[in-house]
Amino acid sequence: MRLDCPFCSNRDAGEFAQMGEDTGKRPDPEDENAETEFVDYLYLRDNPAGLNNELWYHAQGCRQWLRVLRNTKTHEIISVELAATGLPPQEKETGSKNDC
């Protein structure tokens with residue numbers, strides 16, 4: 001399996017660490033039910049068969065967090081974007097790229 005890193009181009013999946021399902025926004029720590037919400041956020045996963053949003057870390061490259069849309073049945077990578085911004089690097093305000 002290969003991923004198109006926005007900074008490093010097409011790379012083998014072995015360079016990345018798959019860090020689990022991207023569940024979206026973190027719970028508010030000030031919320032009344034914060035403890036329960038964080039337990040659910042950290043440990044409960046849907047584990048769908050089909051399309052899934054995942055977080056991947058490019059450990060042996062640019063060390064960026066990526067949001068990957070992947071089909072868990074076929075392992076097809078649908079899209080890859082920066083997790084911090086949700087935008088490809090050329091659309092970031094700085095316009096700069098990291099070298100791998």
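This passage walks through the fold of one protein chain, its sheet, its aromatic pairs and two of its loop residues. The model is a predicted one, so everything below describes a computed picture.

Start with the overall layout. The protein chain has one helix and six strands. Going along the sequence, these elements come in the pattern β-β-β-α-β-β-β, with the helix sitting between three strands before and three strands after. Of the 100 residues, 29% count as buried. The surface that the chain exposes adds up to about 6800 Å², and carbon and sulfur atoms supply 44% of that area. Contacts also reach across the sequence: among those between residues at least 6 apart, 46% join residues at least 24 apart.

Next comes the sheet. Strands of a sheet pair through backbone hydrogen bonds, and the pairing can be parallel or antiparallel. Here, four strands line up as E3-E4-E5-E6 in an open sheet, and the pairing is antiparallel. Strand E3 (17–21) and strand E6 (77–82) take the edge positions. Each of these two has a single partner strand, so one of its sides has no neighbour in the sheet. From one strand to the next, the twist averages 30°. Zooming in on one pairing, strand E5 (residues 65–71) meets E6 in the antiparallel sense over five bridges. Within this part of the sheet, Arg70 stands opposite Ile77 in E6.

Now for the aromatic rings. A pair of such rings is described by how far apart the centres are and by the angle between the planes. The count for this model comes to three aromatic pairs. One of them joins Phe16 and Trp56: the ring centres are 6.4 Å apart and the planes are at 75°, so this pair is edge-to-face, given that planes over 60 degrees apart fall in that class. The two partners come from distant parts of the chain, 40 residues apart. Phe16 belongs to the loop between strand E2 (9–12) and E3, while Trp56 is in strand E4 (residues 51–57). Both Phe16 and Trp56 are buried.

Another aromatic pair is made by Tyr57 and Trp65, and this one is tilted. The distance is 5.1 Å centre to centre, with 45° between the planes. Tyr57 is partly exposed, at a relative accessible area of 22%. Trp65 is partly exposed too, at 39% relative accessibility.

Finally, two loop residues are worth a look. Glu15 is found in the loop between E2 and E3. With a relative accessible area of 19%, Glu15 counts as buried, because the cut-off for that label is under 20%. Setting aside neighbours within four places in sequence, Glu15 is in contact with Tyr57, His58, Ala59 and Gln60. Tyr57 therefore turns up twice, once as a contact of Glu15 and once as the ring partner of Trp65.

The other residue, Gly50, lies in the loop between helix H1 (34–43) and E4. Gly50 is buried as well, at 10% relative accessibility. Not counting residues up to four places away in sequence, Gly50 touches Arg70, Asn71, Thr72 and Lys73. Arg70 is the residue that stands opposite Ile77 in E6. Gly50 and Glu76 are 26 residues apart in sequence, and their C-alpha atoms are 9.7 Å apart in space.

Note on methods. Residues are numbered from 1 along each chain as its sequence is written. This is a predicted model: local features need pLDDT of at least 70, side-chain atom pairs count only at pLDDT 80 or more; totals for chains, interfaces and linings use all residues. Side-chain values use heavy atoms; hydrogens and water are left out. Two strands pair if DSSP finds at least two bridges between them. Axes are lines fitted to C-alpha atoms, for helices over the stretch in contact, and angles run from 0 to 180 degrees between N-to-C directions. Buried means under 20% relative accessible area, exposed over 50%, partly exposed in between (1.4 Å probe, protein chains only). Contact means heavy atoms within 4.5 Å. Accessible areas come from the Shrake-Rupley method with a 1.4 Å probe; for residues, only the protein chains shown count as cover. Rings of Phe, Tyr and Trp (its six-membered ring) pair if their centres lie within 6.5 Å; planes under 30 degrees apart count as stacked, over 60 as edge-to-face and the rest as tilted.
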